Amino acid sequence: MKRILFPSFLLAGALLAGACSNDKTAEVGTEGMNAAATEAAANPTVDNPNVTTDTEVANPNAPVMTFDKTEHDFGDIKPGAVVKHTFEFTNTGKTPLLIENAQASCGCTTPSWTKEPVQPGGKGTIEVQFDSHGKSGIQNKQVAVRANTTPSINQISIKTNILPDGEQGPVRQ
């Protein structure tokens with residue numbers, strides 16, 4: 001008898017729980033749900049402290065990282081080559097600039113940067129090294145530089161074309 005009652009109660013409880021209505025339109029109504037969706041689509045705001053908006057006033061005393069150029073093209077390089085480029089920047093702001101971190105988009109790219117604060121009007125560098133081992137063809141790599149600037153992340157990039165490896169002979173067509 002106990003073997004029959006326990007599964008029966010379990011089944012009844014499962015059916016009762018499944019019979020509950022999870023339809024939110026009964027509570028809010030179709031108009032309320034559509035209004036909320038329309039409002040969300042019309043105002044797609046994202047809270048991102050790295051981007052300034054039209055309504056947000058940037059700190060006028062903040063340091064400003066101004067690069068001579070933000071992209072470097074190594075051109076054609078041989079497979080397995082390790083190449084370097086030094087990006088130079090000037091602090092055109094009114095307070096000392098301090099780089100917190102520089103992070104590459106790939107492990108084959110290694111940045112190193114000026115560690116001490118760069119005074120207003122002073123210059124700093126970010127050296128980017130690219131190791132082409134195991135890579136082929138056109139490569140584009142970015143480095144995100146996080147500093148006490150507004151916006152707090154500046155992007156620099158390198159690109160190159162790694163020539164085909166001649167060890168395997170010419171390509172047949």
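Student: What makes Gln139 count as buried in this predicted model?

Tutor: Gln139 has a relative accessible area of 11%, and buried means under 20%, so the residue falls on the buried side of that cut-off. Gln139 is part of strand 7, and, leaving out residues up to four places away in sequence, it touches Phe130, Ile158, Lys159, Thr160 and Ile162.

Student: How do you know that the side chains of Gln139 and Lys141 are joined by a polar contact?

Tutor: The distance given for the two side chains is 3.3 Å, and a polar contact requires a pair of N or O atoms within 3.5 Å, so the pair of Gln139 and Lys141 meets the distance limit.

Student: Why is the meeting of Lys159 and Glu71 called a salt bridge?

Tutor: The side chains of Lys159 and Glu71 come to 3.4 Å, N to O, and the rule asks for a side-chain nitrogen of Lys or Arg within 4 Å of a carboxyl oxygen of Asp or Glu, so this pair qualifies. By this rule the count comes to one salt bridge. Lys159 belongs to strand 8 and Glu71 to strand 2, so the pair ties together parts that are 88 residues apart in sequence.

Student: Are Lys159 and Glu71 to be described as buried, exposed or partly exposed, and what makes that the right term?

Tutor: Lys159 has a relative accessible area of 30% and Glu71 one of 41%; since buried means under 20% and exposed over 50%, both values lie in between, and each residue is therefore called partly exposed.

Student: How do you know that strand 7 and strand 8 pair, and in which sense?

Tutor: Pairing needs at least two bridges between the strands, and strand 7 and strand 8 have ten, in the antiparallel sense, so the requirement is met. As one example, the bridge partner of Val145 in strand 8 is Asn154.

Student: What makes strand 2 and strand 4 the edges of the open sheet?

Tutor: The sheet has four strands in the order 2-8-7-4, with mixed pairing. Strand 2 and strand 4 each have a single partner strand, so one side of each is left without a neighbour in the sheet. From one strand to the next, the twist averages 15 degrees.

Student: Which residues have the most contacts inside the largest nonpolar core?

Tutor: That core has 23 residues, and Met65, Phe89, Ile99, Ile126, Val145 and Ile156 have the most contacts inside it. Strand 7 (137-147) and strand 8 (153-162) are among the elements that give two or more residues to this core. Ile99, leaving aside neighbours within four places in sequence, is in contact with residues including Met65, Phe89, Ile126 and Val145.

Terms used:
Residues are numbered from 1 along each chain as its sequence is written. This is a predicted model: local features need pLDDT of at least 70, side-chain atom pairs count only at pLDDT 80 or more; totals for chains, interfaces and linings use all residues. Side-chain values use heavy atoms; hydrogens and water are left out. A nonpolar core is a set of buried Ala, Val, Leu, Ile, Met, Phe, Trp, Tyr and Cys residues joined through side-chain atoms within 4.5 Å. Buried means under 20% relative accessible area, exposed over 50%, partly exposed in between (1.4 Å probe, protein chains only). Contact means heavy atoms within 4.5 Å. A polar contact is a pair of N or O atoms within 3.5 Å; within protein, one must be able to donate a hydrogen and the other to accept it, and residues adjacent in sequence count only if both atoms are side-chain atoms. Axes are lines fitted to C-alpha atoms, for helices over the stretch in contact, and angles run from 0 to 180 degrees between N-to-C directions.
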